[in-house]
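User: Please look closely at one loop position in this model, starting with how open it is to solvent, and then set it against other loops, helix pairs and the model as a whole. I would like the reasoning spelled out with care.

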Amino acid sequence: MTGQTTVRHTAPAVGRRDRPTAVPERAEAPVAAGEARLVTGEPGCGRSRFLDRAARAFTAGPVVHVRADPAAATVPYAGLRVLLGLFAEPNAHRPAAPPRNGRHGLDPLDAPSADAALRSALRTASADGPLLVCVDDAHLWDPVSRAALGRLGRDPRAAGAVALLLTAPGHRPLDPEFAGIPPLRLDPLTAAASAALLDEETGGSLDRGVRDDLVAEAEGNPALLLALLRSLTPAQLRGRAPLPRPLADAELLTALVGGCPSALTAEEEQVLLTAAAAVREAEDGSAAVAPVRRALARLTGGAPAARLDPPPDLLVLGDGRLRFRSALVRRALYARAGERGRRAAHRALAAQETGLSGLLHHAWAEPADAATATDGTAAALATALAAAAADPAVPASPRLRCAALARAADLTGDGPDQARHRLAAAQQALLAGQPHRALRLLDAVRTGAPDAELRGRAELLRGAALLRDGPVDEARATLLLAKSLLAAHVPAAALAATLGAADAAWAAGDVPGCLEALAEGRGEKEPEAPSGTSAGPGAASTDTAASLASGDDVLREHRRGMLALLERRFGAAVRSLRRVVDAGAPGDRVETLLRAAAAALLMGDLVGARGAATAALVAARTQGEAAALGPALEYLAYTELRAGRHGLARTHAEEGLRAAHRAGQRNTAAHHHAAQALAASIDGDADAVARHVRHAQDISLRHGLAQAATLAEWALARADLGDGRPAEAADRLGPLVRPGPGRGHFAVWMLAVPCFVEAAARAGRGGSAGPVVEEFAEWARFGADPQAPAQLLRCRALLAPPDRADGLYESALALHDTAGGDFERARTEFLYGQWLRRRRRLREARDRLGAALVGFERCGARAWAEQARAELRANGTSAGGARAGDLSALTPQQLRIAHHVAGGATNREIAQALTVSTRTVDYHLRKVFAALGVRSRVELARLVEQTEKTPAHP
């Protein structure tokens with residue numbers, strides 16, 4: 001057994017459709033030995049490609065990969081014979097299975113013999129190590145073979161060290177034979193992954209606008225995405241010829257779902273079409289059963305179809321609602337019905353629905369050229385539709401409002417009204433997390449807007465979209481254009497453009513750009529601080545003016561606060577930003593709450609930031625504003641990072657990353673990757689740090705996100721420092737924190753100074769850190785970071801002579817008592833304990849190091865906890881009271897690695913045996929050396945051998 005992966009393909013499927021060339025990557029194999037998973041998903045989701053990737057990720061042993069042959073689906077035991085036949089073939093990696101008779105030991109009348117033969121073959125094949133068995137399209141196996149495979153999937157350990165992956169479609173009822181096998185459903189591709197797939201297929205030559213159109217049309221289905229790509233001409237691919245409309249027609253969709261559904265009765269076709277029309281713009285892909293039932297009765301005159309008895313393999317009914325098992329099948333059904341059938345279905349639904357949904361069904365029942373009608377019906381309907389969509393009292397999601405406004409524009413002739421409808425639709429599309437739909441609507445406004453105000457509003461929305469997903473320099477230029485167009489017409493909108501341009505420059509690390517965007521209105525008299533109140537960040541204002549009257553006032557105060565902060569007028573900055581924070585209250589507009597959270601973070605008011613961001617998150621969920629979820633969770637993640645609650649920050653960032661991907665917000669996703677990298681950097685998860693940093697930096701380089709890039713670089717340095725590599729951390733952080741062209745983002749480098757000073761001091765380069773400490777002192781005096789005063793004293797202690805360091809460490813710990821935060825206090829305790837140990841003050845060192853260990857463990861800083869344990873052992877005592885060199889101090893994984901090393905295995909061989917990466921082995925091995933006080937593999941092997949020969953004490 002070599003441990004290398006061997007993929008065996010047999011019985012290729014007959015007539016299988018083309019499969020996508022890429023699906024979302026997974027860092028590790030989805031199963032381990034003794035586990036089974038049933039991989040499902042709708043047609044074209046990439047199940048086969050997923051198995052290929054899983055096979056390559058499975059490094060613990062060989063892989064057997066079987067693809068079902070549909071022609072043998074009715075032949076008893078056909079599937080098992082193919083699989084068992086593989087084990088009868090000797091190869092370089094696996095001994096031959098025991099001899100079998102011509103039927104591979106299968107008795108057609110005896111299912112237990114089938115189970116026994118399968119498990120016996122697998123136990124023999126996996127005798128030397130783990131084995132992965134992949135069965136693609138397992139639902140196409142014959143019933144007896146499916147049953148045997150299902151029983152194995154429910155109890156894979158009975159077959160030895162075997163991992164089992166099966167695939168079956170997720171748009172049809174699950175075969176009962178596979179019930180009980182843990183499912184693994186493949187979700188649709190994110191917009192970023194879809195764009196990456198297209199770039200991979202075209203070598204990056206695809207026109208950006210065309211790529212975005214294809215991504216939006218495919219809705220995350222990789223097979224549809226590639227089919228759309230292949231349907232275009234070279235001129236269309238380069239953006240030199242118009243794209244066909246619709247992009248995905250009935251023929252293409254029907255081909256992708258393999259003609260499914262087929263052999264339907266006319267009544268079933270009507271049921272499915274009416275259901276598809278009902279869920280067309282539904283946020284969750286479902287619709288209420290009652291109006292669909294009544295619409296069917298209207299269409300069929302009370303025929304049996306009105307009972308709503310659809311094919312169970314296509315529709316699911318429950319809790320009074322219906323949904324399609326597959327979005328792709330639903331689209332194919334709707335497209336192939338033809339315009340006349342679709343209009344009839346919408347007309348029937350319009351008679352049953354009320355409110356905005358009913359009006360929208362009425363609008364879809366109108367012919368495509370309704371805008372040219374002369375009887376005024378279409379115009380009246382458009383007016384009613386737009387009015388209902390704009391009414392906040394009408395209950396509707398932003399997605400439904402967008403659809404209504406876009407349809408109102410279609411029903412309106414060319415002119416200002418049509419442009420206004422499209423502009424309003426674009427705004428709702430942004431709120432719904434549909435940036436591509438918004439940009440296409442804005443393109444139409446740009447070409448048809450008759451006046452500067454409409455053009456300015458369109459550029460304002462375009463800039464807002466680019467700020468979340470695009471080059472931030474382009475976003476800034478677009479927003480400044482909007483500001484110039486709106487200044488004379490709508491000052492409040494011009495102010496919003498001003499702040500948006502400043503946000504874009506801030507993300508790019510462009511201080512002059514921020515000042516330029518914020519400069520207008522600098523002559524305004526700054527508000528005075530109320531008498532008897534503190535100007536500090538945590539002070540609650542008692543000024544009645546702090547309760548701002550409108551959203552415009554909030555924007556104005558935020559602009560003043562940001563400008564004052566950049567001009568280092570800290571007192572004025574705090575006064576304005578405090579008013580913004582105080583203006584945010586639960587139930588306010590999401591944008592106001594997000595501004596409050598941002599202002600609180602600028603001041604270091606973590607309680608205020610947490611409250612405002614949480615309120616924004618709740619409001620975004622309640623109001624269906626998907627676009628606000630990612631930013632709200634971003635503020636929460638950074639708040640918890642600043643507070644030292646890294647586990648909670650990681651949770652927020654994980655959820656925020658999913659929300660950002662769903663809303664097509666790559667810039668927001670970059671910040672969530674950076675936050676996850678920072679959180680992972682304290683717990684020793686080197687693979688996670690590297691993975692998230694790679695994603696954050698990739699987006700940052702493409703879109704000019706200096707802030708996210710600096711945070712990611714800081715995460716790498718902090719991981720180096722936590723892993724006991726101070727020299728590497730100092731090399732990485734030096735350019736970020738020292739003055740010069742390589743200095744990191746102006747709002748981040750100061751936060752990284754304590755890490756740099758610690759790294760430089762521990763690496764023996766403390767002299768290089770003095771100048772930045774003095775700059776950090778000014779930051780600490782501002783009060784925007786509650787940890788900064790204690791961190792400043794810790795930095796001074798690291799650089800101070802011995803007669804002063806003792807008192808500085810003690811003072812720093814006293815300030816930590818006020819600021820709170822386990823992680824920063826534990827770091828100061830650790831450095832103080834290390835300093836005490838090196839001066840042979842061992843009892844004091846033990847107390848400080850023990851307190852540091854407790855603090856690190858409490859906040860999940862596993863990497864730093866390992867360092868604290870190593871210092872305790874060097875001090876003569878381990879964390880549990882054991883002496884250095886005691887194997888009991890190792891974790892179970894470290895102990896396994898130590899035994900493998902003692903047996904002479906290389907890191908690569910250990911990684912294969914434990915199903916982990918070589919980098920993970922290297923990381924744990926360094927921890928083993930530190931824990932046991934050994935310097936080489938030879939010393940470790942000798943220690944393990946001596947320990948195992950020493951009898952245990954009774």
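Analyst: In this predicted model, Arg569 has a relative accessible area of 30%, and because this value falls between the 20% that bounds buried residues and the 50% above which a residue is exposed, Arg569 counts as partly exposed. Arg569 belongs to the loop that joins helix H23 (551–566) to helix H24 (570–583). From this loop the chain can be related to a remote part of the sequence, since the C-alpha atoms of Arg569 and Phe782 are 9.8 Å apart in space although 213 residues separate the two in sequence.

A second pair of this kind involves Ala344, a residue of helix H13, whose C-alpha atom is 9.9 Å from that of Leu273, with their positions 71 residues apart along the chain. Ala344, at 26% relative accessibility, is likewise placed in the partly exposed class, because 26% is neither under 20% nor over 50%. For the protein as a whole, if one takes the contacts between residues at least 6 apart in sequence, 68% of them join residues at least 24 apart.

Other loops offer a useful comparison with that of Arg569. Arg840 sits in the loop between helix H37 (822–838) and helix H38 (842–858), and its relative accessibility of 60% is over the 50% cut-off, so Arg840 counts as exposed. The backbone of Arg840 also deserves attention, as its phi is near 65°, a positive value in a residue that is not glycine. Tyr77, in the loop between strand S3 (63–67) and helix H2 (78–87), has a positive phi of about 65° as well, and Tyr77 is not a glycine either. The surroundings of Tyr77 are another matter: its relative accessibility is 2%, which is under 20%, and therefore Tyr77 counts as buried. A further backbone feature occurs in the loop between helix H8 (234–237) and helix H9 (250–256), where Pro246 is found; the peptide bond that leads from Arg245 to Pro246 is cis, with omega near 0°. As background to these entries, most residues other than glycine have a negative phi, and most peptide bonds are trans.

Ala344 leads on to the packing of helices. It is among the residues through which helix H13 meets helix H11: on the H13 side the contact is made by Ala344, Ala345, Ala348 and Leu349, and on the H11 side by Pro291, Val292, Ala295, Arg298 and Leu299. The axes of helix H11 (residues 289–300) and helix H13 (residues 338–350) lie 8 Å apart and form an angle of about 120°. Since roughly perpendicular pairs run from 65 to 115 degrees and roughly antiparallel ones begin over 145, an angle of about 120° leaves H11 and H13 oblique to each other. The crossing of these two helices, H11 and H13, is right-handed.

Helix H21 (residues 491–508) and helix H22 (residues 511–518) make another pair, with axes that come within 8 Å and cross at roughly 175°. Because that angle is over 145 degrees, H21 is roughly antiparallel to H22. Their contact involves Thr498, Leu499, Ala501, Ala502, Ala505 and Trp506 from H21, together with Gly513, Cys514, Ala517 and Leu518 from H22.

Buried positions complete the picture. Gln428, in helix H17 (residues 416–431), has a relative accessible area of 15% and is therefore buried; leaving aside residues up to four places away in sequence, Gln428 touches Pro398, Arg401, Cys402 and Leu405. Two cysteines are also buried, namely Cys45 at 8% relative accessibility and Cys859 with a relative accessible area of 13%, while a search of the whole structure finds 0 disulfides. Overall, the protein has 954 residues, of which 53% are buried, and its secondary structure consists of 43 helices and 9 strands.

How far each region should be trusted is a matter of model confidence. The mean pLDDT of the protein is 82, with 86% of its residues at 70 or more. Confidence is highest in helix H29 (residues 666–680), at a mean of 95, and lowest in strand S1 (residues 9–10), at 38. The pLDDT is also below 50 over residues 90–104, a stretch that has 30 contacts in the model beyond near neighbours in sequence, and over residues 880–884, where the corresponding number of contacts is 5.

Note on methods
Residues are numbered from 1 along each chain as its sequence is written. This is a predicted model: local features need pLDDT of at least 70, side-chain atom pairs count only at pLDDT 80 or more; totals for chains, interfaces and linings use all residues. Side-chain values use heavy atoms; hydrogens and water are left out. pLDDT is the predictor's confidence in each residue, from 0 to 100. Helices (H or I, at least four residues) and strands (E, at least two) are DSSP runs, numbered from the N terminus. Contact means heavy atoms within 4.5 Å. Buried means under 20% relative accessible area, exposed over 50%, partly exposed in between (1.4 Å probe, protein chains only). A disulfide is a pair of cysteine sulfur atoms within 2.5 Å. Axes are lines fitted to C-alpha atoms, for helices over the stretch in contact, and angles run from 0 to 180 degrees between N-to-C directions. Angles under 35 degrees count as roughly parallel, over 145 as roughly antiparallel, 65 to 115 as roughly perpendicular and the rest as oblique. A crossing is left-handed if the near helix is turned anticlockwise from the far one by less than a right angle, and right-handed if clockwise.
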